[in-house]
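Ready for a few exercises on rings, cores and empty space? Take a look at the model below, then work through each task with its solution.

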Amino acid sequence: MNMPNIRARLLAVLVVLCGFLATLVSPAGAAASVPDSLSFDGTALTVANGRFVDGTGREVVLRGYNVSGETKLAENKGLPFASVADAKKSATALRALGGGNSVRFLLSWAYAEPVKGQTDATYLAAATAQMAAFLDAGIRVYPDFHQDLYSRYLFNTGSWYTGDGAPKWAVDLGGYPQESCGICFMWGQNITQNNAVKAAQYDFWHNNYGLQDSFLATAQKVMAYVKQNLTTEQFTGVLGFDPYNEPYAGTYDSGQNSRSWEQNLLWPFYVKFRARMDAAGWQDKPALVEPNLFWNGNVSKEEGGLLDAGAIGTRYVFNTHFYDQKAISGILMWGNASDGQYVTDYGTIRDRATALGTTAVVSEYGHPLSGSVAGKAPTVLKAMYQAMDSRVKGAGWWSTPAGSGSVLSGQQWQWDIYNGRHREYMNANPDKLLTTGDAWNDEDLSAVRLDDSGVAVLRQDARLLDRIYPSATSGTTLAFTYEDRSRDGSTVLTWNPVPSSLPNVSALVGSGQYGVQVWRSNGGSAPTELHLPASFPTATTTVVSDLGTVYGPPAYSASTKIGAAVEPGGTGSRRLLLSTADSGTLHYALVTNGATSPSASVLAAARTELANWVAQKFS
């Protein structure tokens with residue numbers, strides 16, 4: 001009798017049984033409709049044809065923020081917020097000020113499983129309630145089991161740095177050496193230079209002491225709890241799950257490299273996590289899986305990107321980060337970012353997702369907002385958003401728009417309303433009270449803060465953050481661009497001016513912001529949607545499209561080809577809706593806030609120019 005095989009089969013039966021039982025438990029409370037929803041809103045997202053798609057077949061783009069780095073801290077016990085009220089305040093501001101329709105919602109293994117084998121119901125209840133605050137605001141959510149430098153418990157009260165992630169009991173099992181980074185100028189250097197961090201990471205990926213087994217068991221319990229304690233409508237708004245933030249081997253075995261580590265250790269872990277998702281009732285939601293964190297670095301770089309995983313398919317999403325390491329260094333990139341700076345980097349992300357047979361999400365990007373390199377932030381962030389919108393730089397977009405590629409989804413790091421108001425005792429040291437910035441390893445990247453009256457305010461240019469983007473397209477986007485006219489100090493950053501070959505379009509836009517989308521319809525019944533920033537008041541927004549021209553779009557109705565409506569969630573944020581009933585037809589729309597009561601003849605002339613341009617560039 002083969003006892004190991006029998007035990008393995010019994011374990012598999014138990015995993016499946018737990019998932020089956022989880023699906024039988026009704027969500028707590030009756031489903032409450034998200035305010036301001038229309039008939040086509042609120043359907044579940046899946047992956048098809050290299051895109052996120054909703055239940056009506058529309059191509060969906062997710063933009064938003066990470067909520068939040070507060071989860072790394074002890075002050076709110078591993079939660080993003082001190083209360084559900086704060087979570088609601090944050091969600092409303094994220095929608096109304098930040099223009100976001102999605103968040104990556106950070107969770108802590110240390111607080112979810114403070115005692116080995118025992119999940120903390122109080123923590124899970126609080127985290128789920130805070131997550132629900134975003135879902136009720138019409139914001140898509142995907143949880144993330146976050147870690148940096150493996151665990152805060154690798155560090156002592158005298159350490160220069162700290163971490164987050166694994167619980168104390170997991171660290172105690174390893175008996176790791178006293179941590180030391182040596183000569184390190186940035187916290188991230190601990191990943192490859194701190195022997196304690198390296199050893200702990202190695203143990204996790206090799207499942208030493210059963211660490212990975214414990215993590216996976218806890219992840220399944222957390223996912224089952226979330227599903228059981230959200231309403232059906234709320235759970236529909238949950239996109240999927242990010243299993244592990246910024247994975248790294250710690251140390252490679254003899255003969256192993258980053259690529260073979262991804263193939264033999266990282267990818268099998270994701271397959272196991274996928275099975276846990278299925279068992280917890282998340283079988284219809286994708287796992288948003290990250291490659292080796294250095295796969296696309298522009299300073300520290302290792303071969304990777306799940307190159308040997310094959311076609312991972314639509315039950316997974318290629319999930320990656322991008323930071324400009326050269327710009328952050330303050331040494332390796334002098335001056336600011338410029339037009340097209342990152343279109344190649346983000347093009348590589350698109351290409352990897354395509355090769356893997358899925359879509360991509362850039363779940364972290366950003367730049368420090370204080371310190372010696374903060375002056376680069378306006379141009380670095382503009383260049384990153386530009387590269388997510390299109391793989392063609394601004395100077396060449398009007399001449400070669402068909403090379404734009406897909407519009408990427410992404411969540412900026414980060415959205416922490418407590419920025420600059422923390423009370424975090426670093427590594428439990430009573431003499432190290434951190435209050436400034438993000439209160440974690442000298443980081444300061446939050447796009448938001450609370451003012452003295454407790455009101456959420458932006459720390460970055462609203463023109464940069466609150467952007468037009470095609471949140472849902474009834475068909476396939478062929479090209480998209482947005483000129484935000486954001487500022488670097490007093491300098492207006494215009495990287496994509498309308499060319500002189502389109503004089504009427506140029507005159508209509510003037511010095512205003514504008515977006516252009518070109519798409520091919522698919523016969524869907526729901527309209528194409530573009531998010532309207534607060535800088536685009538409905539009454540003074542101009543739309544020039546093959547569907548018509550309008551100054552001050554009317555309220556949306558099923559019979560209106562061009563209309564405006566509020567977005568779901570009751571936050572007051574708005575959207576432009578463009579209705580088509582055809583299939584395979586080329587459509588275009590220019591949206592600008594630069595015109596003031598344009599005449600019918602001006603609108604008609606601009607429409608003729610755009611129609612000719614589309615015919616020439618997309619024939």
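On a 1 Å grid over the protein atoms alone, a cavity is a set of points where a 1.4 Å probe fits but cannot get out. Keep in mind that this model is predicted.

**Exercise 1. Find how many cavities of 30 Å³ or more there are, and describe the largest cavity.**

Step 1. Applying that rule gives eight cavities of 30 Å³ or more.

Step 2. The largest cavity holds about 480 Å³ of space.

Step 3. Its lining is made up of 30 residues, and Gly42, Arg95, Gly138, Arg140 and Pro568 are the closest to the centre.

Step 4. Two elements, helix H4 (121–136) and H9, give two or more residues to this lining. H9 gives the most, with three residues.

**Exercise 2. Work out which kind of pair the rings of phenylalanine 235 and tryptophan 282 form.**

Step 1. Start with the total: the structure holds 41 aromatic pairs.

Step 2. For phenylalanine 235 and tryptophan 282, the ring centres are 5.2 Å apart and the planes stand at 85°. Planes over 60 degrees apart count as edge-to-face, so this pair is edge-to-face.

Step 3. Now place the partners. Phenylalanine 235 belongs to helix H9 (residues 232–236), while tryptophan 282 is in the loop between helix H10 (258–279) and strand E7 (287–289), so the pair ties together parts 47 residues apart in sequence.

Step 4. Check burial, for which the cut-off is under 20% relative accessible area. Phenylalanine 235, at 10%, counts as buried, and tryptophan 282, at 0%, is buried too.

**Exercise 3. Classify the pair formed by tryptophan 397 and tryptophan 398, and say whether these residues are buried or exposed.**

Step 1. The centres of the two rings lie 5.2 Å apart and the planes are at 90°, so tryptophan 397 and tryptophan 398 make an edge-to-face pair.

Step 2. Both residues are buried.

**Exercise 4. Identify the rings that the charged ends of lysine 72 and lysine 382 sit over.**

Step 1. Lysine 72 has its charged end over the ring of tryptophan 440, 3.7 Å from the ring centre.

Step 2. For lysine 382, the ring is that of tryptophan 495, with the charged end 5.3 Å from its centre.

**Exercise 5. Name the residues that touch the most other members of the largest nonpolar core.**

Step 1. This core has 113 residues, and Phe134, Tyr150 and Tyr346 touch the most other members.

Step 2. Leaving out residues up to four places away in sequence, tyrosine 150 touches, among others, Trp109, Val171, Phe204, Leu211 and Tyr244.

Step 3. Another core, of 22 residues, lies apart from the largest one and includes Trp398, Val509, Ala595 and Phe618.

Key: Residues numbered from 1 in each chain as written. Predicted model: local features only at pLDDT ≥ 70, side-chain atom pairs only at ≥ 80, totals over all residues. Heavy atoms only, no water. Phe/Tyr/Trp six-rings, centres within 6.5 Å; stacked < 30°, edge-to-face > 60°. Helix = DSSP H or I, 4+ residues; strand = E, 2+ residues; numbered from the N terminus. Buried < 20%, exposed > 50% of the residue type's maximum accessible area, 1.4 Å probe, protein only. Lys NZ or Arg CZ within 6 Å of the ring centre and 35° of its normal. Core = buried A, V, L, I, M, F, W, Y, C linked by side-chain atoms within 4.5 Å. Contact = heavy atoms within 4.5 Å. 1 Å grid on protein atoms, 1.4 Å probe; cavity = no way out; pocket = protein on both sides within 12 Å on 5 of 7 lines; lining within 4 Å. Points joined across faces, edges and corners; volume = space filled by probe spheres on them.
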